[in-house]
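Here are my notes on the structure you sent over, point by point. Keep the viewer open while you read, and click on each residue as it comes up.

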Amino acid sequence: MSLDILALAAHRDDVEQTCAGTLLKMAERGYRTGILDLTQGEMGTRGTMDDRAREAAEAARILQVSWREALDIPDGRVENTWENRLKVVRVLRQQRPRVLILPHWEGRHPDHYTASVLGYEAAFLSGLAKLALNDQPSAASEKGDSLAPHRPFKIIYASLYRDVRPTFVVDITDQFEARLASLMAYKSQFTDQQAGSAIFPAQADIRARVESMARFYGMLGGVTYAEPFVQKEVGLVDDVMAIPVKSI
Ligand SMILES: [Zn+2]
């Protein structure tokens with residue numbers, strides 16, 4: 001069964017921080033959602049790769065995602081190479097999402113903005129009929145027909161990490177607590193501890209920070225909590241009477 005929505009991000013917990021409420025909302029509406037983490041977190045100041053794998057699985061359970069995997073791209077060294085693009089193409093052709101959520105293409109962390117460009121270019125390549133993946137044998141490519149070309153219909157960019165004006169926000173008022181719980185599932189990252197205490201906020205601050213951001217974007221949309229996105233295309237309106245968000 002193919003996915004309806006796939007969120008791609010550089011690191012485990014990036015999706016939880018930027019678009020998890022939206023994923024949960026869509027899952028609650030009956031859509032099949034998935035998360036592709038490009039790396040496994042081996043460079044993190046806190047916790048081990050195995051800790052983060054367990055925590056990611058727990059977060060996925062909370063968010064009701066149907067599928068989650070981490071590629072083996074080196075943490076801290078996400079590069080937009082042909083080899084890495086093909087790894088993402090393989091996932092896109094296997095999972096066949098209609099909507100692809102990518103990180104915003106600007107960012108502080110090189111892994112984040114590189115993941116955005118890598119994801120976009122992989123989505124383009126994935127639709128090329130003559131691009132075969134058989135040059136890189138794997139269990140997946142032996143299935144053959146599951147790797148037919150596929151291009152997501154829609155790409156949207158989760159922009160919460162970046163201070164840019166979103167083109168739309170998704171109301172996550174009803175999903176906010178679960179979204180916070182999915183982030184807190186990363187106990188190795190967010191439990192108060194000595195390691196990395198200079199760069200990680202205290203646990204008590206995390207709720208305040210997450211809530212402030214969700215409130216801010218909620219305010220822009222006229223709801224309590226929301227998550228921000230950018231789309232590069234214009235919005236298409238069928239009925240001007242039904243456009244949400246009050247102007248004055
Ligand atoms: Zn990250």
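1. Start with the largest cavity, which has a volume of about 70 Å³. Keep in mind that this is a predicted model. The lining of this cavity is made up of 13 residues, and those nearest the centre are Leu-8, Ala-9, Asp-14, Thr-18 and Pro-103. Three elements give two or more residues to this lining: strand S1 (5–9), helix H1 (14–18) and strand S4 (99–103). Sorted by class, the lining has 10 nonpolar residues, two polar ones and one charged one.

2. How many cavities of 30 Å³ or more does the structure hold? There are two. The second largest cavity has about 50 Å³ of space. Its lining includes Pro-103, His-104, His-112, Tyr-161 and Arg-162. By class, that lining has three nonpolar, four polar and two charged residues. Pro-103 is worth a click here, as it is among the residues nearest the centre of the largest cavity and also lines the second largest one.

3. Now for the metal. Which residues coordinate the zinc ion? They are His-11 through ND1, Asp-14 through OD atoms (listed twice) and His-112 through NE2, at 2.1 to 2.5 Å. Along the chain, the donors follow the spacing H-x2-D-x97-H. Both His-11 and Asp-14 are buried. You have met two of these residues already: Asp-14 in the lining of the largest cavity, and His-112 in the lining of the second largest.

4. Why is the zinc site called irregular? The angles among its four donor atoms run from 55 to 130°. Four donors count as tetrahedral if all angles lie between 85 and 135 degrees, and as square planar if opposite donors are over 155 degrees apart and all others between 65 and 115. The site of the zinc ion has angles from 55 to 130°, so it fits neither description and counts as irregular. For reference, the ideal angle for four tetrahedral donors is 109.5 degrees.

5. On to the charged pairs: the structure holds 13 salt bridges. One of them joins the side chains of Arg-52 and Asp-13, at 3.1 Å from N to O. Arg-52 sits in helix H3 (residues 49–62) and Asp-13 in the loop between S1 and H1, so this pair ties together parts that are 39 residues apart in sequence. Are the two partners buried or exposed? Arg-52 and Asp-13 are both buried.

6. Helix H3 has another salt bridge to look at. Glu-58 pairs with Arg-61, and their closest N and O atoms are 2.8 Å apart. These two are three residues apart in helix H3, so about one helical turn separates them. Glu-58 is partly exposed, with a relative accessible area of 29%, whereas Arg-61 counts as exposed at 55%.

7. A third pair is Arg-207 with Glu-177, where the closest N and O atoms are 3.0 Å apart. This one links distant parts of the chain, with Arg-207 in helix H9 (residues 203–221) and Glu-177 in helix H7 (residues 176–184), 30 residues apart. Arg-207 is partly exposed at 31% relative accessible area, and Glu-177 is partly exposed too, at 45%. Salt bridges that share partners also join Glu-16, Asp-37 and Arg-68 into one network.

8. Try a couple of distances between C-alpha atoms. Arg-90 is in helix H4 (residues 82–95) and counts as buried at 11% relative accessibility. Arg-90 and Ser-126 are 36 residues apart in sequence and 7.8 Å apart in space. Tyr-113, in helix H5 (residues 110–126), is partly exposed at 33%. Between Tyr-113 and Val-78 there are 9.4 Å in space, and they are 35 residues apart in sequence.

9. Last, the backbone. Gln-64 has a phi near 60°, a positive value in a residue other than glycine. Gln-64 is in the loop between H3 and strand S3 (67–70) and is partly exposed, at 43% relative accessibility. Val-245 also has a positive phi, near 80°. Val-245 belongs to the segment after strand S7 (226–230) and is partly exposed, with a relative accessible area of 49%.

Note on methods: Residues numbered from 1 in each chain as written. Heavy atoms only, no water. Donors = N, O, S within 2.8 Å, 3.2 Å for Na, K, Ca; no water. Tetrahedral: all angles 85-135°; square planar, octahedral: opposite > 155°, others 65-115°. Buried < 20%, exposed > 50% of the residue type's maximum accessible area, 1.4 Å probe, protein only. 1 Å grid on protein atoms, 1.4 Å probe; cavity = no way out; pocket = protein on both sides within 12 Å on 5 of 7 lines; lining within 4 Å. Points joined across faces, edges and corners; volume = space filled by probe spheres on them. Helix = DSSP H or I, 4+ residues; strand = E, 2+ residues; numbered from the N terminus. Nonpolar A, V, L, I, M, F, W, Y, C, P; charged D, E, K, R; others polar. Salt bridge = Lys/Arg side-chain N within 4 Å of Asp/Glu carboxyl O.
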